[in-house]
Amino acid sequence: MADYKAPLRDMRFILNEVFDAPALWQTLPALAEVVDAETADAILAEAGKITANTIAPLNRSGDEEGCHWTEGAVSTPAGYPEAYRLYAEGGWVGVGGDPAYGGMGMPKAISAQVEEMMNSASLAFGLYPMLTSGACLSIYAHASEELKQKYLPNMYGGVWAGSMCLTEPHAGTDLGIIRTKAEPQADGSYKISGTKIFITGGEHDLTENIIHLVLAKLPDAPAGSRGISLFLVPKLMVGEDGSLGERNSLSCGSIEHKMGIQASATCVMNFDGATGWMVGEPNKGLAAMFTMMNYERLGVGIQGLSTGERSYQSAIEYARERIQSRAPTGPVEQDKAADPIIVHPDVRRMLLTMKALNEGGRAFSSYVALQLDIAKFSEDGEARQRAEAQVALLTPVAKAFLTDMGLETTLHGQQIFGGHGFIREWGQEQLVRDCRITQIYEGTNGIQALDLLGRKVVGSGGELYNVFADEIRSFCAAAGSELSEFVTPLESALENLDELTAFVLDSAKNNPNEIGAASVEYLHVFGYTAYAYMWARMAAAALGKEGKDDFYASKLGTARFYFARLLPRIHSLSASVRAGSDSLYLLDAAHF
């Protein structure tokens, strides 16, 4: 496998030339004081170094060794504790955290690039700081000042880790039926009892303490999701002076044996009257948890992008070096027995598909991250409300489409290697295995599609959709004639999505099955159209510069490939949506 190199040139292009993020940051007082173009560039450069030099070399060895469970204790693969310590000492766990509690204070648009680099280097490694950052988000937004002061500094500093304990053996998507209980105590604490499964980083040897955020129900809680509360439950008790005390009444019962992400400890966690403290209000636990969901689901989407990027870097190196057969137009490497496989049309098709999906995904994830920054930091109420609408609409697309395209991309990379792609030592099969989980956790992609179409589009009567669609229309209207080769197909794609949205809104009035039947294909049509918008914006930033720098020529060539060969996928997907739900119900259960 090729050595990982952070795609810093493309990240700078997207932030600085496509979206002009530095100008945006200067309009947001909370960010203007901490970040500008030079600061951002320095942070990304340093992140590129530690991810490439310290974390990436552990990816394959970590997968081969995996985690080990012994009588409740979990050890991570060789090199992981040392690498995590270096990562934490650099401040990377708290890159987006509030400086008042020891964080770096960077916007999500910056931390999103750091996440991509980290997960390209090793998805399994990246899950540990990701879960800690997610726990910090909920604590910061909802916990008491006392809890924030007591826990956030060490979590941002990477001295303590975090986990999110949601799923139970019988309750995954339907969290309303969880059984974990929280009994109030006279001192204001609670005793937490229950079992949680699939807990990433629930137990490990990377940090001296782990702070669990646990969903549980109070004795008098109302039924369903309205009766869920959120609790902070430390592995080791923390004294008033911040010192660590005795172990809490919780344990890791086992770790899962998984298809991929072998170096990430996926734990069964047992809480046996463990002491915890409520985060937020009683019976408002899901709201507190969903504070981090928009960030985490974007983060999972970025994981899909990350595996695709790592796969592409190896595939392009292999395609330039591996010689097999001659080019269709005749020998290219006259002095060799065969030509490098990059001359063959099908290999080029796969490489360009990878490149177009990766770069389109990077632009889209950065765009969503910028909306999160506006929603969080803007002092303009209208701008903040608009950004919140964009985030609500686009988060399920970011999670599901980025990961679906991530798997396609990693598969193309494996295919380019041929038989070697199926062999472990080349690394491509690991990326396929690792990427697969991204379509499943943090809400399966089918659930994300239902969220997009059912809650966000139909649920808002199309209002959320119109916010995004109107922005694309405004871009197209303002574009000059020199961009027509990109704008014209974008306008056609948006018109198709407009019509498809109206079709589903109308169909759903009479048949409740229509939303579920259309949702996955609709999300993909939406995703390809959103990527077309990103590619049109990237083309606008690159046009006229192609003679000065090969980077811009490559960008424009890839944009043309996207519009010619990938965007047309929307037509077959749209036909599936319009076919309706009837064919899904022609068979009785016994007929399957």
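Trainee: What is the sign of phi at G91, the residue that follows helix 6?
Mentor: Phi of G91 is positive, near 85 degrees. The model is predicted: local features need pLDDT of at least 70, side-chain atom pairs count only at pLDDT 80 or more, and totals for chains, interfaces and linings use all residues. Residues are numbered from 1 along each chain as its sequence is written, and side-chain values use heavy atoms, with hydrogens and water left out.

Trainee: Which residues of helix 6 are called buried?
Mentor: In helix 6, which spans residues 80–89, they are Y80, A83, Y84, Y87 and A88. Helices are DSSP runs of H or I with at least four residues, strands are E runs of at least two, and both are numbered from the N terminus. The term buried means under 20% relative accessible area, exposed over 50%, and partly exposed in between (1.4 Å probe, protein chains only).

Trainee: What makes the buried residues of helix 6 line one face of the helix?
Mentor: Seen down the axis of helix 6, they fall within an arc of 135 degrees, so they line one face; the arc is that of the directions from the helix axis to the C-beta atoms. These residues pack against helix 4 (37–55), helix 5 (59–65), helix 7 (108–121) and helix 8 (123–142).

Trainee: Is S120 of helix 7 buried or exposed?
Mentor: S120 has a relative accessible area of 1%, and therefore counts as buried. Leaving aside neighbours within four places in sequence, S120 is in contact (heavy atoms within 4.5 Å) with Y4, S306, E309 and R310. S120 and I55 are 65 residues apart in sequence, yet 9.5 Å apart in space, C-alpha to C-alpha.

Trainee: Why is P169 called exposed?
Mentor: Its relative accessible area is 58%, and the limit for that class is over 50%, so P169 qualifies. P169 sits in the loop between strand 3 (160–165) and strand 4 (181–184). Its contacts, apart from neighbours within four places in sequence, are T195 and I197.

Trainee: How do you know that C267 is in no disulfide?
Mentor: A disulfide is a pair of cysteine sulfur atoms within 2.5 Å. The nearest cysteine sulfur to C267 is that of C252, 3.9 Å away, so the pair does not meet the definition. The structure as a whole holds zero disulfides. C267 is buried at 0% relative accessibility, and C476 is buried at 7%.

Trainee: Which residues other than glycine have a positive phi, I261 among them?
Mentor: I261 has phi near 35 degrees, and E442 has a positive phi of about 60 degrees. I261 lies in the loop between strand 10 (250–255) and strand 11 (266–279), whereas E442 is found in the loop between helix 13 and helix 14. With a relative accessible area of 4%, I261 is buried. E442 has 21%, which lies between the limits of 20% and 50%, so E442 is partly exposed.

Trainee: Which residues are closest to the centre of the largest pocket?
Mentor: They are T167, I440, Y441, E442 and G443, out of 45 lining residues. The pocket holds about 1200 Å³ of space, and helix 10 (285–321) gives the most to its lining, with nine residues.

Trainee: What makes an empty space a cavity rather than a pocket?
Mentor: On a 1 Å grid over the protein atoms alone, a cavity is a set of points where a 1.4 Å probe fits but cannot get out; a pocket is an open set with protein on both sides within 12 Å along at least five of seven lines, and lining residues have an atom within 4 Å of a point. Points are joined across faces, edges and corners, and a volume is the space filled by probe spheres set on them. Four cavities of 30 Å³ or more are found here. The largest cavity holds about 50 Å³ and is lined by M11, R12, L15, N16, A37, A40, D41 and L44. Helix 1 (8–18) and helix 4 are the elements that each give two or more residues to that lining.

Trainee: Which members of the largest nonpolar core touch the most other members?
Mentor: Among its 176 residues, they are Y522, F526 and Y562. Such a core is a set of buried Ala, Val, Leu, Ile, Met, Phe, Trp, Tyr and Cys residues joined through side-chain atoms within 4.5 Å. Helix 17 (residues 513–542) gives the most to this core, with 18 residues. F526 touches L393, L394, V397, L452, Y465, F468 and L497, not counting residues up to four places away in sequence. A second, separate core of 15 residues includes I316, Y318, V347 and L351.
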